[in-house]
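Trainee: I have a structure here and some questions about how its parts fit together. Can we go through it step by step?

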Amino acid sequence: MSGRDPFCQPRRIRRGAALTLVFASVLVAGAATGTLPQAGPKSAPGEALSGSPAGRHAEVTRAAEEAMADGKSPVEAAKRAVSRSGDRWEAVYSRGEYEEFEDALDGQYTGVGLWARSRDDGRVAVTKVREGSPAAAAGIRPGDRLRSVDGHRTDGRPVTEVVSLLRGDATGASAGTTVRLGLQRGSRTWTETLRRAQLSTDSVTVRETAGSVTVIRVDTFTKGSGDQVREAVRHAPPGGGIVLDLRGNSGGLVSEAVTAASAFLDGGLVATYGVGGEERVLHAEPGGDTTRPLVAVVDGGTMSAAELLTGAVQDRGRALVVGSRTFGKGSVQMPSRLPDGSVAELTVGHYRTPSGRGVDGRGITPDLEAGDEALQRAETVLRGLGSPS
C-alpha cells in the first residue's frame, strides 16, 4: 500500500455529531482517515447488493444524486443514507471538511491545545496542555476537570463528543472563533473563553528517564510520525529499554503505524484485513531493533491504528503490554468521492492481529493491568527485564 491507508477512524460519529478524529484524546484536533484510493474495492457482477461495500456506496451515491436533482443538500441526504446502517464509524464529509482534516493528518489542526481523557467516573480531565497554545495562555493545567464546553456538560460524554463540541464542528468553527470552557481545579470552578488557533502537532515526544529508559509517546499517527519513532529508537542509549506510550492515541495513518512497528520488528506480519472479500496483509520492514526490552502502555483511548501496532508487538512476543483494555476500533473504512465532491467513508472490513485476533468491539487486553500508574509500572517492569544480552 502506498500513501494513506484505509485503516481509519471517521471524522464523525453521527449520533451526537462527534468527531472521532486522529486526536480523539487531544481535544484540539482533526479526523483520521485515508485519502481517496486510486481504486476502491471491486465487486463481481451481481454482488452490488445493499449491505455489501459496493452496494452501500451505490446506495449513498444514489441518495446524493437524487438530492442534487431535487435541489436539496446532497451531503445531508448522503448522511441520512449512511446513518441507516447503524455503523457509527461510517461518515460523510463535505469537500471542505475533508480538506480540513487532511491538513490535520499533515500535522496542522484548529483547536485550543488540550489533551484530555475520560476518567473511570465519567468525568473529563485535562492530561496535557500544549506550550504556547490558547489553553496554556489561559492558565489551564493538567489535572483540571473539563466540566462543560459552550454550555454542554461533558460528564458521561465520550471524549469524541467533547472533541466535536470543543472544535465547534456543528457550526464549522475555524481559527479565531471562540469556545467557552467550564473548568474545575479542586474546589474552585470557573469559566474561560478561549479563541481557537491554527496549531501544529507534535505527535511524537521522546524523553529519557533514570536507568537509560527511553519513553516514546505517540499521540496520533500523522505524516512522518513512524519515522520519528524509528529515529528515537536508533538514538536511544545503548543497553537501555524503551517504553512506547500509546495511551489516548486514537489512530491516524495506518501506514505510519506500520512504519513505527518496523522500528521494533525485523519484517514480518503486522496485521491482516479484508476488503471486498479479499484478504490483505500489512508487513513491517526488515531491520528493526528486536533486542531492546520494550513495554507498550495503552488505555481505553488507544484506538484503531494504535491498536494495530499494539497487537502486532504483543502477538509477536516483542513487547509486554501494560495498562487497561484498549478501545476496540478494528473496522476498515474506505473513502470515496460523491457526485458533489463530498466524501463518504463506508466500512469495508475488519483487521486482525498477527495471531488472528479480531479487535473490533473487543480491544486488546494488556499483559499487566494498570490504571493511572501505568507509566510508572511500565518503567518498573522494563528495568526488571534487564538489559538485552
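Trainee: Which residue in β15 stands opposite Asp 245?

Mentor: This is a predicted model, so read each position as a prediction. Four bridges join β12 to β15, and the two strands run parallel. Opposite Asp 245, the residue in β15 is Val 297.

Trainee: In what order do the six strands of the open sheet come?

Mentor: The pairing in this sheet is mixed. Strands of a sheet pair through backbone hydrogen bonds, either parallel or antiparallel. The order is β10-β11-β12-β15-β16-β19.

Trainee: Which strands stand at the edges of that sheet?

Mentor: Look for strands with a single partner. One side of each is left without a neighbour in the sheet, because each has just that single partner strand. The edge strands are β10 (204-209) and β19 (368-369).

Trainee: Is Val 243 buried or exposed?

Mentor: Val 243 is found in strand β12, residues 242-245. Its contacts beyond four places in sequence include Val 215, Val 295 and Leu 382. The relative accessibility of Val 243 is 0%, and buried means under 20%. So Val 243 counts as buried.

Trainee: What separates the C-alpha atoms of Val 243 and Val 215?

Mentor: Along the chain, these two residues are 28 residues apart. They also touch each other. Their C-alpha atoms are separated by 4.7 Å.

Trainee: At about what angle does helix α9 run to β15?

Mentor: Helix α9 covers residues 374-385. It lies across β10, β11, β12, β15, β16 and β19. Its angle to β15 is about 165°.

Trainee: Why is helix α7 largely enclosed by the rest of the structure?

Mentor: Helix α7 spans residues 254-261. Its buried residues, among them Val 254, Glu 256 and Ala 261, pack against α6, β13, β14 and α8. The helix is largely enclosed because the buried residues number eight of the eight.

Trainee: How many of the ten residues of helix α2 are buried?

Mentor: Helix α2 runs over residues 74-83 and is mostly covered. Lys 79 is one of its buried residues. The buried residues pack against α1, β1 and β18. The count is seven.

Trainee: Where does pLDDT stay under 50?

Mentor: The protein chain averages a pLDDT of 82, and 85% of the residues score at least 70. One stretch stays under 50, and the model has 206 contacts beyond four places in sequence for it. That stretch is residues 1-50.

Key:
Residues are numbered from 1 along each chain as its sequence is written. This is a predicted model: local features need pLDDT of at least 70, side-chain atom pairs count only at pLDDT 80 or more; totals for chains, interfaces and linings use all residues. Side-chain values use heavy atoms; hydrogens and water are left out. Buried means under 20% relative accessible area, exposed over 50%, partly exposed in between (1.4 Å probe, protein chains only). Contact means heavy atoms within 4.5 Å. pLDDT is the predictor's confidence in each residue, from 0 to 100. Two strands pair if DSSP finds at least two bridges between them. Axes are lines fitted to C-alpha atoms, for helices over the stretch in contact, and angles run from 0 to 180 degrees between N-to-C directions.
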